[in-house]
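Q: Got a minute to go through this one with me? I'd like to start with the ligand site.

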Amino acid sequence: MTLEQQDKQYVLQTYARDYTNFVKGLGSTLYDEDGKDYIDFASGIGVNSVGHGNEKLTEAICEQAKNIIHISNLQVIEPQAKLAQKIVELSGYNMGIFFANSGAEANEGAIKIARKYGETKFNHKRYKVITLEHSFHGRTITTVKATGQESFHTPHFSPYPDGFSYEKSIEDVYTAIDNETVAVLIELVQGEGGVQPFEKAEIQKLATHLKQEGILLIVDEVQTGVFRTGEFLASNLYEIEPDIITLAKGLGGGVPIGAVMTKHKDILSAGDHGSTFGGNYLSTAAGNAVLDVLKEMYDTGAIGETLLYFSQKLEDIATRYENLFEKEVGLGLMRGLRAKSAEIQTEIIKRSMAEGLVVLKAGRNTVRFLPSITISKNEIDEGFKRFETVISTL
Ligand SMILES: Cc1ncc(COP(=O)(O)O)c(C=O)c1O
């Protein structure tokens with residue numbers, strides 16, 4: 001039985017999978033079972049923030065695994081407390097953190113905090129959460145309902161929870177707020193929706209308005225967080241102070257972890273929320289190592305340099321291949337090329353894989369780049385060389 005047959009027989013077929021069998025990774029280079037190398041411009045959809053086989057991360061994981069992998073959340077967990085402090089200090093916000101295992105779970109936590117806030121802080125319960133069209137917030141029944149893409153709300157999984165509505169633009173949010181609205185949930189750069197950043201001024205204006213109205217601003221930083229946009233959080237870059245922020249993807253460097261942080265530290269009390277695995281020794285040891293690696297790079301200016309280098313390469317491609325791309329989009333190391341058609345996007349992604357380059361799709365027609373924050377200049381050069389080989393034949 002081939003690997004593909006085994007997968008098809010025993011794994012539920014919820015993904016339209018590629019069957020390249022990667023067996024090793026080093027930095028931003030992946031190797032398949034035949035030893036062929038691939039430049040990784042995807043980092044597991046923004047997860048391998050410090051690349052593959054990072055020494056500090058793998059050592060931290062191995063050391064932790066030798067001692068304790070898991071003890072329940074009924075006991076204090078030292079690396080969890082350390083990671084919480086590190087995240088809070090890096091963010092610059094006075095917040096408390098709950099650890100989960102994924103982005104969707106982090107957003108579930110955010111929605112629970114918002115709903116309890118809506119129950120306890122107002123005379124009559126507020127529970128409605130406004131999100132934006134083209135957003136993506138996860139795949140659980142609630143977070144899929146929070147996702148502003150009708151195609152995700154298939155009747156197969158109905159009924160969905162009440163209390164979510166979707167607006168076309170930030171401007172529309174103002175008029176959508178009613179006396180049952182408790183929160184607005186947004187990504188600052190819509191990732192899955194097409195790598196679309198919002199204007200700083202319009203986000204700052206919204207944040208000020210929500211604060212005046214006593215409505216919570218929840219920023220989903222599952223994809224934008226952990227230095228992806230150049231700052232620790234995109235909220236730092238946008239210079240806003242959200243009420244609730246969610247993180248996941250890059251935080252564990254590949255070890256599953258999610259986090260919801262809020263300045264409303266008194267809302268959840270014992271018994272309100274929980275997770276068997278969330279914030280265990282292994283995932284938080286990984287999170288500590290990831291943040292140590294990335295903070296050092298941030299402090300030396302290395303992240304800024306990488307970001308600039310990657311941007312210049314991308315801009316160069318966008319201007320020289322106007323026949324294929326409308327424009328270049330995104331922020332930091334969360335980038336995209338808006339292709340002139342969905343067919344061009346599909347063809348580029350398929351041919352890139354054959355050429356030894358992993359890139360992603362986003363939205364209807366965007367070719368997406370989410371490289372590791374630690375990617376080297378050589379790997380960026382090589383990746384774009386391969387990319388150009390692909391697009392020059394289209
Ligand atoms: C902005 C955003 N929120 C939430 C999620 C869901 O995260 P997870 O797949 O870890 O549940 C994603 C995943 O792509 C995301 O990009």
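**Ligand site, helix and loops**

Q: Before the site, what kind of model is this?
A: It is a predicted model.

Q: Which backbone atoms sit by a nitrogen atom of the ligand, and at what distance?
A: A backbone N or O atom of Phe136 does, 3.3 Å from a ligand nitrogen.

Q: And the oxygen atoms of the ligand?
A: A backbone N or O atom of Ala104 lies 2.8 Å from one ligand oxygen atom. A polar side-chain atom of Glu192 is 3.4 Å from an oxygen atom of the ligand.

Q: How much of the ligand's accessible area does the protein cover?
A: The protein covers 81% of it. On its own, the ligand has 390 Å².

Q: How many residues surround the ligand, and which are closest?
A: There are 13 around the ligand. The closest are Gly103, Ala104, Asp220, Gln223 and Lys249.

Q: How does the shell split by class?
A: Six residues are polar, four are charged and three are nonpolar.

Q: Which element gives the largest share of the shell?
A: Helix α5, residues 103-120, with three residues.

Q: Let's stay on α5. What span should its 18 residues have, and why?
A: At 1.5 Å a residue, the expected span is 26 Å. The end C-alpha atoms of α5 are 26 Å apart, so the two agree.

Q: What caps the N-terminal end of α5?
A: Ser102 does. One of its side-chain oxygens is 3.2 Å from the backbone nitrogen of Glu105.

Q: Which residues of α5 are buried?
A: Among them are Gly103, Ala104, Ala106, Asn107 and Gly109. Further along, the buried ones include Ile111, Ile113, Tyr117 and Gly118.

Q: New topic: His137. Where is it?
A: His137 is in the loop between β5 (128-132) and α6 (141-146).

Q: Is His137 buried or exposed, and why?
A: His137 is buried, because its relative accessible area is 2%, under the 20% cut-off.

Q: What does His137 contact, leaving aside neighbours within four places in sequence?
A: The contacts of His137 include Ala104 and Asn107, and both of those are buried residues in α5. Asp220 is another contact of His137, and Asp220 is also one of the closest residues to the ligand. Thr131, Thr143, Leu185 and Glu187 are among the other contacts of His137.

Q: Over to Thr374. Where does it lie?
A: In the loop between β17 (366-369) and α13 (377-391).

Q: Is Thr374 buried, partly exposed or exposed?
A: Partly exposed, because its relative accessibility is 25%.

Q: Which residues does Thr374 contact beyond four places in sequence?
A: Ser49, Val50, Gly51, Val293, Leu294 and Met297. With Val50 there is also a polar pair: the backbone oxygen of Val50 is 3.2 Å from a polar atom of the Thr374 side chain.

Q: Backbone geometry next. Which peptide bond is cis?
A: The one from Ser158 to Pro159 is cis, with omega near 0 degrees. Pro159 is in the loop between α6 and β6 (164-167).

Q: What about phi at Ser43?
A: Phi of Ser43 is positive, about 45 degrees, although Ser43 is not a glycine. Ser43 belongs to helix α2, residues 43-46. Ser43 is buried, with a relative accessible area of 0%.

Q: And what is phi at Val226?
A: Near 60 degrees, a positive value in a residue other than glycine. Val226 sits in the loop between β10 (216-220) and α9 (234-237). At 3% relative accessibility, Val226 counts as buried.

Terms used:
Residues numbered from 1 in each chain as written. Predicted model: local features only at pLDDT ≥ 70, side-chain atom pairs only at ≥ 80, totals over all residues. Heavy atoms only, no water. Helix = DSSP H or I, 4+ residues; strand = E, 2+ residues; numbered from the N terminus. Buried < 20%, exposed > 50% of the residue type's maximum accessible area, 1.4 Å probe, protein only. Contact = heavy atoms within 4.5 Å. Near = heavy atom within 4 Å. Polar contact = N/O pair within 3.5 Å; in protein donor to acceptor, adjacent residues only side chain to side chain. Areas by Shrake-Rupley, 256 points an atom, 1.4 Å probe, with all protein chains shown as cover. Nonpolar A, V, L, I, M, F, W, Y, C, P; charged D, E, K, R; others polar. Expected span 1.5 Å × (residues − 1).
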